[in-house]
Amino acid sequence: MKKNNLLRFLAIIVVLISSLANNSAFAQNEKKSKKQQDVIVTLNAYSFNDLLMAKQAKDKQPLYSLFNLMDWCAAQNIKGIDLTGYYFPGYPAVPSDEYILKLRNKAKELGIVITGTGIRNNFASPDPAVRAADIELAKKWVIVAKKLGAPVLRVFAGEIPKGYEDKWDEVAGWMIDAYKQCAVEGEKHGVKIGIQNHGDMLQTADQCLKVLKAVDSKWAGLIVDTGNFKTADPYLDIEITAPYAVNWQIKESSFGIGSPIRTDSERLMRIFKKTGVKGYFPIETILLKDIPYDAFALVPALMKELNDARDKVYK
């Protein structure tokens, strides 16, 4: 082989080896990226509750809207949002189809996924009329969720009613009946009912799973609230309930509102990895008494903690 041909041949070999190495590195990075995309940290609108509930002095119109919030999410590269029902005009009345369509189109335009919505309700009330009214409310908002393209409607249990402190099973029976009716409606419209542990009637993993088992529907699951298990080690409850989650609320502390103990983001991500949960994980920062609150600073800070922990755990 002539010298020039030999040099050309060797150059081709070097290019091929380099290409194979780059392709291998790309494949490794692609694999890593896909793993990390299994856990997408997003936002629950409640983090901006005070601002979204504020009214302008002149005309009593909202000072800040869900449309404003979605614009901010897009600027922050936040890929999903839980559009809590409280911030829709006229809540608890259902919003107009026109308003719902505008929200849905806005999210699509910005490339933001609507991960869920939610209502206020009390299925633990001793008054059957209260429970019946809230069941009907939930059914109406199932249809709102469907029109929004939200896969989940969040509902509560309700506070432990006075005089029933030692009658958990009796009250749970009322809740279970209500959830069953909601799940039937959810199935009709392709919307899952998310039952949140809110530190009320549902304070432990055992209580959550007992209720979920009794409801016995593929259209009912848990909204795992990482800050509202009232146990010595809430991370154990989070791990137990994680496989049953249809949505999440990740709080700044896993030891309750007002706790100075910051959420252990790496431990949380190890739980996600161990249990194999995937999808969108909305965060919810909370206004604390006597502490300055700035959602525009606190939300990105918590998101960074969680994303950094995810990248470390899923590397």
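This is a short walk through the strands and helices of the structure above. Hi everyone, and one reminder before we start: what you see is a predicted model.

Let me begin with the overall picture. The chain has ten helices and eight strands. Of its 315 residues, 44% count as buried. If you take the contacts with a separation of 6 or more, 76% of them come from residues 24 or more positions apart.

Now, the strands. Please find strand 1, residues 39-44, where five of the six residues are buried. Which strands does strand 1 pair with? One partner is strand 8, residues 279-283, joined to strand 1 by five bridges and running parallel to it. Another is strand 2, residues 80-82, also parallel, with two bridges to strand 1. Leu43 is a handy landmark here: it stands opposite Ile283 in strand 8, and it also stands opposite Ile81 in strand 2.

Let's move along to strand 5, residues 192-196. Four of its five residues are buried. Strand 4, residues 152-155, runs parallel to strand 5, and four bridges join the two. If you want a pair to click on, Leu153 stands opposite Ile193. To get from strand 4 to strand 5, the chain passes through helix 6, residues 168-189, and this β-α-β crossover is right-handed.

On we go to strand 6, residues 220-225, which is parallel to strand 5 and tied to it by four bridges. Here Ile195 stands opposite Leu222. Helix 7, residues 205-215, sits between these strands in the chain, and strand 5, helix 7 and strand 6 form a right-handed β-α-β unit.

Then comes strand 7, residues 245-249, again parallel, with four bridges to strand 6. Asp225 of strand 6 stands opposite Gln249 of strand 7. The connection runs through helix 8, residues 234-241, and this crossover is right-handed.

So much for the strands; let's look at three of the helices. I'll start with helix 4, residues 97-110. How far apart should its ends be? With 14 residues at 1.5 Å a residue, helix 4 should span 20 Å, and its end C-alpha atoms are indeed 20 Å apart. The buried residues in helix 4 are Tyr99, Ile100, Leu103, Lys106 and Ala107. These residues lie on the same side of helix 4, because they cover an arc of only 125° around the axis. Turn to the face pointing away from that buried side, and you meet the exposed residues Glu98, Lys108 and Glu109. What covers the buried residues? Helix 3, strand 3 and helix 5 are among the elements that do. Just after helix 4, have a look at Gly111, which takes a positive phi of about 75°.

Helix 6 is next. It has 22 residues and reaches 31 Å from first to last C-alpha, close to the 32 Å expected. Its buried residues include Trp168, Trp174, Met175, Tyr179 and Cys182. Glu185 is also on the buried list. The buried residues of helix 6 pack against helix 5, strand 4, strand 5, helix 7 and strand 6. Just after helix 6 there is another glycine to look at: Gly190, with a positive phi of about 70°.

Now for helix 7. Here Ala205, Gln207, Cys208, Val211, Leu212 and Val215 are buried. Looking down the axis of helix 7, these residues fall within an arc of 165°, so they line one face of the helix. Asp206 and Lys213 are exposed on the other side. Helix 6, strand 5, strand 6 and helix 8 are among the elements covering the buried residues of helix 7. Just after helix 7 comes Asp216, with a positive phi of about 55°.

One last stop, for anyone who thinks about cysteines. How many disulfides are there in the whole structure? The search finds zero. As for individual cysteines, are Cys73 and Cys208 buried or exposed? Cys73 counts as buried, because its relative accessibility is 0%. Cys208, which we met in helix 7, is buried too, with a relative accessible area of 1%.

That's my tour. Thanks for listening, everyone!

Key: Residues numbered from 1 in each chain as written. Predicted model: local features only at pLDDT ≥ 70, side-chain atom pairs only at ≥ 80, totals over all residues. Heavy atoms only, no water. Buried < 20%, exposed > 50% of the residue type's maximum accessible area, 1.4 Å probe, protein only. Pairing = 2+ DSSP bridges. Right-handed = clockwise from strand over helix to strand, strands pointing away. Expected span 1.5 Å × (residues − 1). Arc of directions from axis to C-beta. Contact = heavy atoms within 4.5 Å. Disulfide = S-S within 2.5 Å.
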